[in-house]
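Work through the exercises below with the sequence and the model side by side. Each task is followed by a solution in steps.

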Amino acid sequence: MNVQKLITELPEKQTADKELQAEAKKLQSQLQVMSQELDDKYSNYMAQRDSLSQLIRSTREKEIQDYDQRIQNFNKLAQQSLSQKEQELLQPIIEKVEKAIQAVGEEQGFIYIFDVSSQVILYNSDQSVDCEELVKSKLATM
């Protein structure tokens, strides 16, 4: 069976994807605000640069560099946060599918069930059965 295909078809996965996209959109919006602020700071600095004393010029350059670093850190933390959120949302879905596969395997007396999405098939006889529909039926009753 193709576990990846099955998971993507589940309503729970589609709901999780929407939630993840909403979170990503919020973080992207914040990043855009910060980037615009950096652009404004840089533009203002460049417009005034020639009229500034060396001390003020150095201070503003340091502020711009620090703000740029904060944006880079925010971006890194945002990626980590999204990755963690994705794990949190997917874990219950994966566990549910694993339970359904286990139940189908036991009910049907299968010896093995292979996940063709991982492309690991060690043996495929003429009597092989694609049990995806059985697992879908089991998920509907859970």
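A residue is called buried under 20% relative accessible area, exposed over 50%, and partly exposed in between, with a 1.4 Å probe and protein chains only. The model is predicted: local features need pLDDT of at least 70, side-chain atom pairs count only at pLDDT 80 or more, and totals for chains, interfaces and linings use all residues. Residues are numbered from 1 along each chain as its sequence is written, and side-chain values use heavy atoms, with hydrogens and water left out.

**Exercise 1. Confidence**

Task: State the average pLDDT of the protein, and find which elements have the lowest and the highest mean pLDDT.

Solution.
Step 1. pLDDT is the predictor's confidence in each residue, on a scale from 0 to 100. Its average over the protein is 90, and 95% of the residues score at least 70.
Step 2. Elements are DSSP runs numbered from the N terminus: helices are H or I with at least four residues, and strands are E with at least two. The lowest mean among them, 88, belongs to α4, and the highest, 96, to α2.

**Exercise 2. Salt bridges between α1 and α4**

Task: Determine which residues pair with E132 and with E9 in salt bridges, and whether E132 is buried or exposed.

Solution.
Step 1. Take as a salt bridge a side-chain nitrogen of Lys or Arg within 4 Å of a carboxyl oxygen of Asp or Glu. The structure has 11 of these.
Step 2. The partner of E132 is K5, with 3.3 Å between the closest N and O atoms. K5 sits in helix α1 (residues 3–9) and E132 in helix α4 (residues 132–140), so this pair ties together parts that lie 127 residues apart in sequence.
Step 3. With a relative accessible area of 7%, E132 is buried. K5 is partly exposed at 38%.
Step 4. E9 pairs with K136, and here the closest N and O atoms are 2.9 Å apart. This bridge also links distant parts of the chain, with E9 in α1 and K136 in α4, 127 residues apart.
Step 5. Both residues of this pair are partly exposed: E9 has a relative accessible area of 35%, and K136 has 26%.

**Exercise 3. A salt bridge between α2 and α3, and a network**

Task: Find which residue meets K96 in a salt bridge, then list which residues are joined into one network by shared partners.

Solution.
Step 1. The side chain of K96 meets that of E12, at 2.6 Å from N to O. K96 belongs to helix α3 (residues 54–108) and E12 to helix α2 (residues 11–48), with their positions 84 residues apart in the chain.
Step 2. K96 is partly exposed at 26%, and E12 is partly exposed at 29%.
Step 3. Through salt bridges that share partners, K5, E9, E132, E133 and K136 form one network.

**Exercise 4. Packing of α2 and α3**

Task: Give the angle at which α2 and α3 pack, and classify their contact residues.

Solution.
Step 1. Axes are lines fitted to C-alpha atoms, for helices over the stretch in contact, and angles between N-to-C directions run from 0 to 180 degrees. The angle between α2 and α3 is about 175°, and their axes are 10 Å apart.
Step 2. Angles under 35 degrees count as roughly parallel, over 145 as roughly antiparallel, 65 to 115 as roughly perpendicular, and the rest as oblique. α2 and α3 are therefore roughly antiparallel.
Step 3. Ala, Val, Leu, Ile, Met, Phe, Trp, Tyr, Cys and Pro count as nonpolar; Asp, Glu, Lys and Arg as charged; the others, Gly among them, as polar. The contact of α2 with α3 has 18 nonpolar, 4 polar and 14 charged residues.

**Exercise 5. The largest nonpolar core**

Task: Identify which members of the largest nonpolar core touch the most other members, and which helix gives the most residues.

Solution.
Step 1. A nonpolar core is a set of buried Ala, Val, Leu, Ile, Met, Phe, Trp, Tyr and Cys residues joined through side-chain atoms within 4.5 Å.
Step 2. The largest core has 20 residues, of which M1, V97, V135 and L139 touch the most other members.
Step 3. At least two residues come from each of α1, α2, α3 and α4. The most come from α3, which gives 9.
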